[in-house]
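Welcome to this short tour. Keep your viewer open and select each stop as we come to it.

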Amino acid sequence: MFRSAFCLALALTALPITAAQAALKVGARAPDISTKVSLAGKAMPFSLTQALKKGPVVLYFYPKAFTTGCTIEAHTFAEATDDFNKLGATVIGMSGDDIESLNRFSVSECRNKFAVGAATPATIAAYDVTLNKNPVMSERTSYVIAPDRKIIFTYTAGNDPVGHVTKTMDAVKAWDAAHHKG
């Protein structure tokens with residue numbers, strides 16, 4: 001157990017974490033989320049607690065569905081979803097959009113690969129990702145949350161939608177390597 005924790009800590013120190021911009025810090029306990037999500041255009045309930053029972057969760061907040069950066073980010077996460085799933089990770093996108101918009105976004109931009117959820121202002125605030133210009137919108141911030149509910153990676157960069165995917169993938173790979181060594 002100690003060896004795994006040490007390996008994970010060592011691996012994660014090599015990852016670029018933008019601490020000055022980070023919302024919740026690495027090591028913090030992730031607040032629970034219970035909301036509606038849309039997958040392949042169908043709304044359904046989502047519970048972070050339930051998702052963590054399957055493995056780590058890549059939880060990414062984005063400002064607004066169908067905007068340029070958010071569309072690029074959704075396409076890139078869609079292309080990587082199968083690789084995240086092979087590592088036991090679940091990808092969930094969150095925004096302040098209504099579920100009807102997310103139903104469309106999940107089909108066209110997420111390509112039916114992963115769920116996107118309706119983040120309430122309370123959820124946006126709990127994850128400390130409130131966009132200064134509009135409190136019902138979120139910053140572009142990604143988290144990797146381990147099954148024990150600890151945040152193991154965080155990244156905020158509004159102008160880097162593709163980097164969120166590569167950086168969260170690196171964090172999930174490091175977690176997987178630390179937890180699946182023989």
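Is Leu102 buried or exposed? Select Leu102 and you will find it buried, because its relative accessibility is 0%, under the 20% that marks the limit for buried residues. Bear in mind throughout that this is a predicted model.

**Around Leu102**

Leu102 sits in helix α4. Leaving out residues up to four places away in sequence, show what Leu102 touches: Ser38, Tyr62, Ser95, Asp97, Val116, Gly117 and Ala118. Now add Lys64, which is 38 residues from Leu102 along the chain; the two C-alpha atoms are 9.8 Å apart.

**The whole of helix α4**

Next, select residues 99–108, the span of α4. Its buried residues are Ile99, Ser101, Leu102, Asn103, Phe105 and Ser106. An α-helix has 3.6 residues a turn, so residues three or four places apart point the same way. What covers the buried residues of α4? The cover includes the strands β1 (34–39), β2 (42–47), β4 (90–95) and β5 (115–118), along with helix α3 (68–86).

Before leaving, zoom in on the start of α4. There, a side-chain oxygen of Asp98 comes to within 3.1 Å of the backbone nitrogen of Glu100.

**Strand β5 and its partners**

Color β5 and look at which way its residues point. Ala115 and Gly117 point one way, Val116 and Ala118 point the other way, and all of them are buried.

Which way do the neighbors of β5 run? Display β1 beside β5: the pair runs antiparallel and is joined by two bridges. Then display β4 beside β5: this pair runs parallel and is joined by four bridges. Val116 is a handy landmark in β5, as Ser38 stands opposite it, and Gly93 stands opposite Val116 as well.

**Ser95 in strand β4**

Stay with β4 and select Ser95, which lies in this strand. Ser95 counts as buried because its relative accessibility is 0%. Which side chain does the side chain of Ser95 meet in a polar contact? The partner is Asp97, at 2.7 Å. Beyond four places in sequence, Ser95 touches Tyr62, Pro63, Leu102, Gly117, Ala118 and Ala119. Leu102, our starting point, is among them.

**The second largest pocket**

Rolling a probe the size of a water molecule over the atoms shows where empty space is left. Turn on pockets, if your viewer can show them, and pick the second largest, which holds about 290 Å³ of space. How many residues line this pocket? There are 18, and those nearest the pocket's centre are Lys54, Thr90, Val91, Ile92 and Ala115.

Color the lining by residue type: 11 residues are nonpolar, five are polar and two are charged. β1, β2, α2 (48–52), α3 and β4 each supply at least two lining residues. The largest share, four residues, comes from β2.

**Ser47 in strand β2**

While β2 is in view, select Ser47, which lies in this strand. Setting aside neighbors within four places in sequence, Ser47 is in contact with Ile33 and Ser34. Ile33 is 14 residues from Ser47 along the chain, and their C-alpha atoms are separated by 5.7 Å.

**Thr141 in strand β8**

Move on to β8, residues 141–145, where you will find Thr141. Thr141 is buried because its relative accessible area is 1%. Its side chain makes a polar contact with the side chain of Thr156, at 2.9 Å. Among the residues that Thr141 touches beyond four places in sequence are Ala23, Leu59, Phe61, Val129 and His164.

**Two loop residues**

Most residues other than glycine have a negative phi, and most peptide bonds are trans. With that in mind, select Asn112, in the loop between α4 and β5. Asn112 is not a glycine, yet has a positive phi of about 65°. Asn112 is partly exposed, with a relative accessible area of 40%.

Then select Arg149, in the loop between β8 and β9 (151–156). Its phi is also positive, near 80°. Arg149 is buried, with a relative accessible area of 9%.

**Stepping back**

Finally, zoom out to the whole chain. Its secondary structure comes to six helices and nine strands. Of its 182 residues, 51% are buried. Among contacts between residues at least 6 apart in sequence, 69% join residues at least 24 apart.

Key: Residues are numbered from 1 along each chain as its sequence is written. This is a predicted model: local features need pLDDT of at least 70, side-chain atom pairs count only at pLDDT 80 or more; totals for chains, interfaces and linings use all residues. Side-chain values use heavy atoms; hydrogens and water are left out. Buried means under 20% relative accessible area, exposed over 50%, partly exposed in between (1.4 Å probe, protein chains only). Contact means heavy atoms within 4.5 Å. A polar contact is a pair of N or O atoms within 3.5 Å; within protein, one must be able to donate a hydrogen and the other to accept it, and residues adjacent in sequence count only if both atoms are side-chain atoms. On a 1 Å grid over the protein atoms alone, a cavity is a set of points where a 1.4 Å probe fits but cannot get out, and a pocket is an open set with protein on both sides within 12 Å along at least five of seven lines; lining residues have an atom within 4 Å of a point. Grid points are joined across faces, edges and corners, and a volume is the space filled by probe spheres set on the points. Ala, Val, Leu, Ile, Met, Phe, Trp, Tyr, Cys and Pro count as nonpolar, Asp, Glu, Lys and Arg as charged, and the others, Gly among them, as polar. Two strands pair if DSSP finds at least two bridges between them.
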